[in-house]
Amino acid sequence: MASKTIRRMISIGLLLIMVIIFSISSDVFLNFGNIANLLKDSAYLGLIAIGMAFVIIGGGVDLSAGGMACLVGILCVRMSTMGLNGFLIVLAGVILGMLCGFINALFVTRVKLTEFVATLALGFVYSGLTLIFAFRDDRGTITSVAIPKWSSLRAFAGNVGGIFYITIVWIVVAVIAYIVLTRTTFGLHTYSIGSHAKSAQMSGVNNDRIKMLGYIICGACVGLAVVLQASLLGSSPLNIGSGYEFQAIAACVVGGVVLGGGKGDPISALVGALFFKTLMNGLYKFGLATSWEYILQGGIIVVATVFDAVFNRATSKRLLARAQ
């Protein structure tokens, strides 16, 4: 059995164990309403994590996703107050996200800043722009403005048979992203760059172009996620993306996307997002303090990272032994 399959089965197995534990300890955990809300909450993080997976698999990282989400969210609410059609606002959100991703890529591929520095700096820039475009009252104080009730953007907060639209979009995007990464030349080149950038370049791969596409896809996923989330919330709080860049990275790591690149796929990101949101949902039923949630998230990330290092080392040794 391939190491990739084994790693995914481990992640899914841990998720199932957690579901069983929470189901036994809580009478309402497997309630349809709770499961629907759990999937809805997972979808926002999951969409961002799918985009992040493209960047990480290609050997990069995007620390601007949180600031990007805040900026796209506030601009989309402004568009809703102007009376724009909901579909156009969703499309605009995706395009704005892609534009931010393109700017990230320019600083990485043209200015030649490291991914960490470029995206961290641009994340602050996007957060600053959010404050500039934020709504203010007559005294100049930042205030929250709801999406107008008559805006067609609110229609995207609906559901089909109790399953929210954002959940359906999340699953569809995950399948499409999986096909793109595993069945196209672009996907093959993304894995090649993540595994060994110099070798990929010597083989004729345009590393800069592939990295740029990865960041643009990540931006598109962030834009889509935040517009749908704003529709559900009825507004776009200034902290709508706060910390989600790190949560998305954590979801990728837990699902099996290896930091450093070359391993994982969007389904891994989906599983990781579902894992974290299931954990938070279950812990909420126990009434644990928020501090424990952060401690557990940090601990899980450390354990997952160490496990991947040990697992990959053991896999490499086994393959080397077979070759000899």
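**Arg154 and the nonpolar cores**

Let me begin with Arg154, which, leaving aside residues up to four places away in sequence, touches Ala146, Ile147, Pro148, Lys149, Ser231 and Gly234. Please keep in mind that what we are looking at is a predicted model. Arg154 sits in the loop between α5 (115–133) and β1 (159–160), and its side chain reaches the backbone oxygen of Ile147 at 2.6 Å. Is Arg154 buried or exposed? Neither label fits, because its relative accessibility is 30% and it therefore counts as partly exposed, the buried class being under 20% and the exposed class over 50%. Arg154 also lies 8.7 Å from Ala230, C-alpha to C-alpha, although 76 residues separate the two in sequence.

From there I would like to turn to the interior. The largest nonpolar core holds 84 residues, and those that touch the most other members are Tyr44, Leu47, Ile48, Ile50, Trp170, Val227 and Cys252. Helix α2, residues 32–57, gives this core its largest share, namely 13 residues. As for Val227, its contacts beyond four places in sequence are Val72, Cys76, Ile89, Val90, Gly93 and Leu153. There is also a second, separate core of 8 residues, with Ala105, Val108, Ala118 and Met212 among them.

Finally, a word on helix α4, residues 86–109. At its start, a side-chain oxygen of Asn85 comes to within 2.8 Å of the backbone nitrogen of Phe87. What span should the 24 residues of this helix have at 1.5 Å a residue? The expected value is 34 Å, and because the end C-alpha atoms of α4 are 34 Å apart, the two agree.

Terms used
Residues are numbered from 1 along each chain as its sequence is written. This is a predicted model: local features need pLDDT of at least 70, side-chain atom pairs count only at pLDDT 80 or more; totals for chains, interfaces and linings use all residues. Side-chain values use heavy atoms; hydrogens and water are left out. A nonpolar core is a set of buried Ala, Val, Leu, Ile, Met, Phe, Trp, Tyr and Cys residues joined through side-chain atoms within 4.5 Å. Buried means under 20% relative accessible area, exposed over 50%, partly exposed in between (1.4 Å probe, protein chains only). Helices (H or I, at least four residues) and strands (E, at least two) are DSSP runs, numbered from the N terminus. Contact means heavy atoms within 4.5 Å. The expected span of a helix is 1.5 Å times one less than its number of residues. A polar contact is a pair of N or O atoms within 3.5 Å; within protein, one must be able to donate a hydrogen and the other to accept it, and residues adjacent in sequence count only if both atoms are side-chain atoms.
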